[in-house]
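Got your viewer ready? Load the model, switch on cartoon view, and keep the selection box handy.

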Amino acid sequence: MKKIVAIIKPFKLDEVREALSDIGVNGLTVTEVKGFGRQKGHTELYRGAEYVVDFLPKIKLELVIADNIVDAAVEAIIKAAHTGKIGDGKIFVSAVEQVIRIRTGETGESAV
């Protein structure tokens, strides 16, 4: 099993969720986060005063899936989240050693 963590632009959440649902991903965790990379934030004007917004709003998606659909999930995220502009986000894939469903005690892929 693999854990995929994707950082995307907030307005792309519905498109990414639908794309993952279409390939059979039936669960994910969504967190509103703030951060910056090469985008470095931006300057805004408020009541005539300029100020710098260092941390930009992003969405963090986390999902644990079977090894056989990892490539399809990564491709679905890339296609749905892509705008071609700086700040589109990142995807991180890592191995998951164990999963346990608390309610039933199931382990492994059946717990996902």
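Which residue of β6 does Ile 8 stand opposite? Select Ile 8 and look across to β6: the residue there is Gly 89. Before we move on, some ground rules: this is a predicted model, where local features need pLDDT of at least 70, side-chain atom pairs count only at pLDDT 80 or more, and totals for chains, interfaces and linings use all residues. Residues are numbered from 1 along each chain as its sequence is written, and side-chain values use heavy atoms, with hydrogens and water left out.

**Stop 1: the strands around β1**

Color β1 (2-8), β5 (56-65) and β6 (89-95). Helices (H or I, at least four residues) and strands (E, at least two) are DSSP runs, numbered from the N terminus. Two strands pair if DSSP finds at least two bridges between them. β1 and β6 run antiparallel and are joined by seven bridges. β1 and β5 also run antiparallel, again with seven bridges. To see one place where β1 meets β5, pick Lys 3, which has Val 64 of β5 opposite.

**Stop 2: salt bridges**

Stay on Lys 3 and show side chains. Side chains of opposite charge can pair when their charged atoms come close. Here a salt bridge is a side-chain nitrogen of Lys or Arg within 4 Å of a carboxyl oxygen of Asp or Glu, and by that rule the count is four.

Add Glu 62 to the selection: Glu 62 and Lys 3 form one of them, with the closest N and O atoms 3.2 Å apart. Glu 62 sits in strand β5 and Lys 3 in strand β1, so this pair ties together parts that are 59 residues apart in sequence. As for accessibility, buried means under 20% relative accessible area, exposed over 50%, and partly exposed in between (1.4 Å probe, protein chains only). Lys 3 is partly exposed, because its relative accessible area is 29%.

Next, select Asp 88 and Lys 9, another salt bridge, whose closest N and O atoms are 3.8 Å apart. Asp 88 lies in the loop between α2 and β6 and Lys 9 in the loop between β1 and α1, so the pair links parts 79 residues apart in sequence. Both ends are tucked away: Asp 88 is buried at 15% relative accessibility, and Lys 9 is buried at 13%.

**Stop 3: Lys 12**

Now go to Lys 12, in the loop between β1 and α1. Lys 12 is buried, with a relative accessible area of 9%. The side chain of Lys 12 meets that of Glu 15 in a salt bridge (3.2 Å, N to O), while Glu 15 is partly exposed at 40%. Leaving out residues up to four places away in sequence, Lys 12 touches Ala 80, Ala 81, His 82 and Thr 83; contact means heavy atoms within 4.5 Å.

**Stop 4: helix α2**

What about the helix itself? Select α2, whose twelve residues reach 16 Å from first C-alpha to last, close to the 16 Å expected at 1.5 Å a residue. That expected span is 1.5 Å times one less than the number of residues. Show Val 70, Ala 73, Val 74, Ala 76, Ile 77, Ala 80 and Ala 81, which are buried. They cover an arc of only 160° around the axis, so they share the same side of α2; the arc is that of the directions from the helix axis to the C-beta atoms. The buried residues of α2 pack against β1, α1 (13-22), β5 and β6. Rotate to the face turned away, and you find the exposed residues Asp 71 and Lys 79.

Last pick: Ile 78, also in α2 (residues 70-81). Ile 78 counts as partly exposed because its relative accessibility is 41%.
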